[in-house]
Amino acid sequence: MADARPRRPARPREEVYATARAAIAEHGLAKLTMAGLGKQLQMSAGHLLYYFGSKDQLLLETLRWSEDQLGTRRREALADRTRDPWARLDSYLRLYLPEGPGDPRWILWVEVWGRSPASAEIRQGQQEIEAPWQADLVTLIDDGTATGHFTPGPSATRALQLRALLDGLSVPLAIGLPDTHHPTTLTHATTAATALLRS
């Protein structure tokens with residue numbers, strides 16, 4: 001006899017990612033269980049494992065989804081040629097930095113970095129997710145140099161240096177260290193970017 005019980009439709013991946021991002025940001029990946037996440041989504045842990053394979057893969061795919069959302073805003077801001085390169089750089093910095101302590105996107109990054117040393121898969125995924133940030137910044141620096149707003153210099157190197165500085169400024173803010181605030185962090189980032197691109 002056929003099972004007459006109605007089947008629950010699979011949750012859209014966006015809902016899974018949004019729920020996972022919120023849960024990881026609140027409790028960390030170590031405390032997240034597939035069973036607990038499944039309960040929030042009214043899905044079985046087995047169903048989640050079927051699609052993601054592991055918590056590490058769920059983390060990586062959730063970060064990829066999160067960054068794809070932000071990437072759309074970044075590309076739109078950088079493509080607006082009615083604004084000079086300094087104004088577009090300001091948009092880049094604001095999008096890159098955490099909004100404040102516990103920023104869910106940045107907590108995902110912290111979790112990914114913590115797992116990268118032990119996982120080639122995580123390292124590869126991390127590089128793929130970071131690549132558009134680097135490429136867009138290189139393009140912006142090239143444009144600013146060509147129009148005379150930035151001093152000449154190796155664009156890829158300067159982009160790497162600036163992103164390394166932004167990462168260093170972002171982590172204390174994201175994890176909520178005392179005396180770290182978004183406005184101050186943005187000021188530090190702007191000052192450093194100006195010095196790097198005008199030197």
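Q: Which residues are linked with E111 in a network of salt bridges?
A: This is a predicted model, and one pair to start from is E111 with R115, whose closest N and O atoms are 2.8 Å apart. Both of these residues lie in helix α6, four residues apart, or about one turn of the helix. The network takes in an aspartate as well, and the residues linked with E111 are D56 and R115.

Q: Is R115 buried or partly exposed?
A: Its partner E111 is buried, with a relative accessible area of 14%. For R115 the relative accessibility is 23%. Buried means under 20% and exposed over 50%, so R115 counts as partly exposed.

Q: How many residues apart in sequence are the parts that E67 and R105 tie together?
A: A search of the whole structure turns up 10 salt bridges, and E67 forms one with R105, with the closest N and O atoms 2.5 Å apart. E67 sits in helix α4 (residues 55-79) and R105 in helix α6 (residues 104-115), so the pair ties together parts whose separation in sequence is 38 residues.

Q: What is the relative accessibility of R105?
A: E67, its salt-bridge partner, is buried at a relative accessible area of 4%. The cut-off for buried is under 20%. R105 counts as buried too, and its relative accessibility is 8%.

Q: Which helix holds R163, the partner of E130?
A: E130 and R163 form a salt bridge, with their closest N and O atoms 3.4 Å apart. Both residues are buried. The pair links distant parts of the chain, 33 residues apart, with E130 in helix α7 and R163 in helix α8.

Q: Why is the pair of W86 and F150 edge-to-face?
A: The structure holds nine aromatic pairs. In this one the ring centres are 4.7 Å apart, and pairing needs centres within 6.5 Å. Planes over 60 degrees apart count as edge-to-face, so what settles it for W86 and F150 is their plane angle of 80 degrees.

Q: Where does F150 lie?
A: F150 is buried, with a relative accessible area of 3%. Its ring partner W86 lies in helix α5 (residues 85-96), so the pair ties together parts that are 64 residues apart in sequence. F150 itself is in the loop between α7 (120-146) and α8 (155-175).

Q: Which residue lies over the face of W133?
A: W133 belongs to one aromatic cluster with Y92, Y96, W106, W109 and W113. Elsewhere, R198 lies over the face of W86, 4.6 Å from the ring centre. Over W133, at 4.2 Å from the ring centre, the residue is R74.

Definitions and conventions: Residues are numbered from 1 along each chain as its sequence is written. This is a predicted model: local features need pLDDT of at least 70, side-chain atom pairs count only at pLDDT 80 or more; totals for chains, interfaces and linings use all residues. Side-chain values use heavy atoms; hydrogens and water are left out. Rings of Phe, Tyr and Trp (its six-membered ring) pair if their centres lie within 6.5 Å; planes under 30 degrees apart count as stacked, over 60 as edge-to-face and the rest as tilted. Helices (H or I, at least four residues) and strands (E, at least two) are DSSP runs, numbered from the N terminus. Buried means under 20% relative accessible area, exposed over 50%, partly exposed in between (1.4 Å probe, protein chains only). A charge sits over a ring if NZ of Lys or CZ of Arg is within 6 Å of the ring centre and within 35 degrees of the ring normal. A salt bridge is a side-chain nitrogen of Lys or Arg within 4 Å of a carboxyl oxygen of Asp or Glu.
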